[in-house]
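This report describes how strands, domains and charged side chains are arranged in one protein chain. Please read it with the sequence and the model at hand.

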Amino acid sequence: MSENWSGRDLELQLGNPGHGGFVVARHEGRVVFVRHGLPGERVVARITEDRGGSYCRADAIEILDGSPERVAPVCPVSGPGGAGCCDFSHASLHLQRDMKSQVVSEQLLRLARLERNVAVEELPGTGDGTGWRTRVRLAVDPDGRPGYHRHRSSGIVTDLVCPQIEPAAYDGVGEHDWKPGSEVQIVLDGAGERHVVEIAPPKVSRTGRTSPGRRGAMARRAAGGAPRAERVLVGSGRPVERVRDREWELAATGFWQAHRGAAEAYSAVVTEWAGLSAGDTAWDLYGGVGVFAAALAGRAGHVDSVESARQAVADGKAALADLPQVRFHADRVERAIAGLTSPPRVVVLDPPRAGAGREVVEAVAAAGAERVVHVGCDPASFARDIGLYLGQGYHVDELRAFDAFPLTHHVECIALLTR
């Protein structure tokens, strides 16, 4: 077993970016994943985590030879030991996108055996990389103070200054007395209204496990699990969002794209790539409130939209009440597919971060879909799903990636696959 390097300072030459917001270095035969550095830099890095084996993790604490693309950190709480979200706060937007492009291409090659250079595109409304976010969920520490999780830690940074969302989002939030262990959802909606909702702490089962969060909580709720109690502090708790000429009213804690320009941009890509002819059947899997279903309905004769969160389905039905060709199904995708009786010509999927997986991809292929538009917010799970489609006889016709999460390592990818 190798010596534990935790707390040790190393002088390192940094190489390529890796998936997860770090840059890869090597020292004495081991790989070191270094946060807060940039490709080509020489740094002093402090080991923050060493569990043995072939790699360990570190923070760059001193820049000896800096990159010309290094900028003064935009986020004041994301440095070594700080909050975990703004991984690339210290890099120019150009370099951020270049690093994401490298990661997406590397994941596709490694996991899907697909060689493809992918350029990461800017989304409308990004500007200088700040203020693009429309919603944020904060954790609440044992003293009732809201904030952001530290990187790979349950600790919470309570200085509410993250630049991803407009400062007005936090007005009065830090002064409120929140319930320890709860979460605080803040939304700045498309109508210019602010909504602040407290989500009660998750219940702990007899096994000591807590209920899952976000989309996992939606799936649990659809399966019959009890939802966590919510208390609306500001606004109605029912944000209004718009894509093209259609409006949605949905739960503040429901799923909507975080970047203000994302829903419109993705909807346009789905509309173009679906290539529907009049009367075609389409499936919209992991459909949420039906943004893509609405885009498909303009041409399709029938659209089946499947979503596990019952509140999202109810909100989608209300928004698309004038589209009788859209049918919503409140169920898990894996279970619902077997009951969809209209074979699709086109299938659109926007799965959660873990991806669609083998069972769903094989079911889509077995249904005979000629065209698949697959959306993924994690390069690794996206690449794994692409590999599964290739194994089912599909070919990647188009592939685009969007910088939907500036200042972070996250990136959104969309692929068009045809048989």
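The text below takes up the domains, then the sheets, and then a hairpin and the salt bridges.

The structure is a predicted model, and the features described here are to be read in that light. The domain assignment divides the protein chain into domain 1 (1-70), domain 2 (106-124 + 258-418) and domain 3 (135-188 + 194-234).

**Domain 2 against domain 3**

The centres of domain 2 and domain 3, taken over C-alpha atoms, are 28 Å apart. Contact between the two involves 13 residues of domain 2 and 8 residues of domain 3, and the area buried between domain 2 and domain 3 comes to about 860 Å², with carbon and sulfur atoms giving 53% of that area. Which three residues supply the most of the area that domain 2 buries against domain 3? They are Ala 258, Ser 308 and Leu 407, which supply 33% of it, more than any other three residues. As for polar interactions, the interface of domain 2 and domain 3 has 1 salt bridge by the rule applied, and 1 residue pair in polar contact, counted with both residues at pLDDT 80 or more. The side chains of Arg 260 and Glu 166 also form a salt bridge, at 3.5 Å from N to O; by the domain bounds, Arg 260 belongs to domain 2 and Glu 166 to domain 3.

**The sheet of 8 strands**

An open sheet of 8 strands with mixed pairing follows the order β7-β21-β22-β20-β19-β16-β17-β18. Its edge strands are β7 (120-122) and β18 (326-330), each of which pairs on one side only. On average, and with direction ignored, neighbouring strands of this sheet are turned by 20 degrees against each other. Helix α5 (residues 310-319) packs on the sheet, where it touches β17 (302-307) and β18, and the direction of α5 makes about 165 degrees with that of β18. Within the sheet, strand β20 (residues 371-376) and strand β22 (residues 412-418) are antiparallel partners over 6 bridges, and Gly 376 has Cys 413 of β22 as its bridge partner.

**The sheet of 6 strands and a hairpin**

A further open sheet, of 6 strands and again with mixed pairing, has the order β1-β5-β6-β4-β3-β2. Here β1 (9-13) and β2 (17-18) are the edge strands, each pairing on one side only. Strands β14 (residues 240-243) and β15 (residues 246-249) run antiparallel and are joined by 4 bridges. The hairpin of β14 and β15 has 2 residues between the strands, and in this hairpin Arg 244 takes a positive phi near 55 degrees.

The antiparallel pairs named in this report are set side by side here.

| Strand pair | Bridges | One bridge pair |
|---|---|---|
| β20 and β22 | 6 bridges | Gly 376 and Cys 413 |
| β1 and β5 | 5 bridges | Leu 10 and Ala 45 |
| β14 and β15 | 4 bridges | Val 243 and Arg 246 |

**Salt bridges**

Side chains of opposite charge can pair when their charged atoms come close. The structure holds 32 salt bridges, and one of them is formed by the side chains of Glu 28 and Arg 8, at 3.7 Å from N to O. This pair links distant parts of the chain, 20 residues apart: Glu 28 is in the loop between β3 (22-27) and β4 (30-35), whereas Arg 8 is in the segment before β1.

Notes:
Residues are numbered from 1 along each chain as its sequence is written. This is a predicted model: local features need pLDDT of at least 70, side-chain atom pairs count only at pLDDT 80 or more; totals for chains, interfaces and linings use all residues. Side-chain values use heavy atoms; hydrogens and water are left out. Two strands pair if DSSP finds at least two bridges between them. Axes are lines fitted to C-alpha atoms, for helices over the stretch in contact, and angles run from 0 to 180 degrees between N-to-C directions. Contact means heavy atoms within 4.5 Å. Domain bounds come from an automatic or database domain assignment. Buried area is the accessible area (1.4 Å probe) that two parts lose on being put together, summed over both. A salt bridge is a side-chain nitrogen of Lys or Arg within 4 Å of a carboxyl oxygen of Asp or Glu. A polar contact is a pair of N or O atoms within 3.5 Å; within protein, one must be able to donate a hydrogen and the other to accept it, and residues adjacent in sequence count only if both atoms are side-chain atoms.
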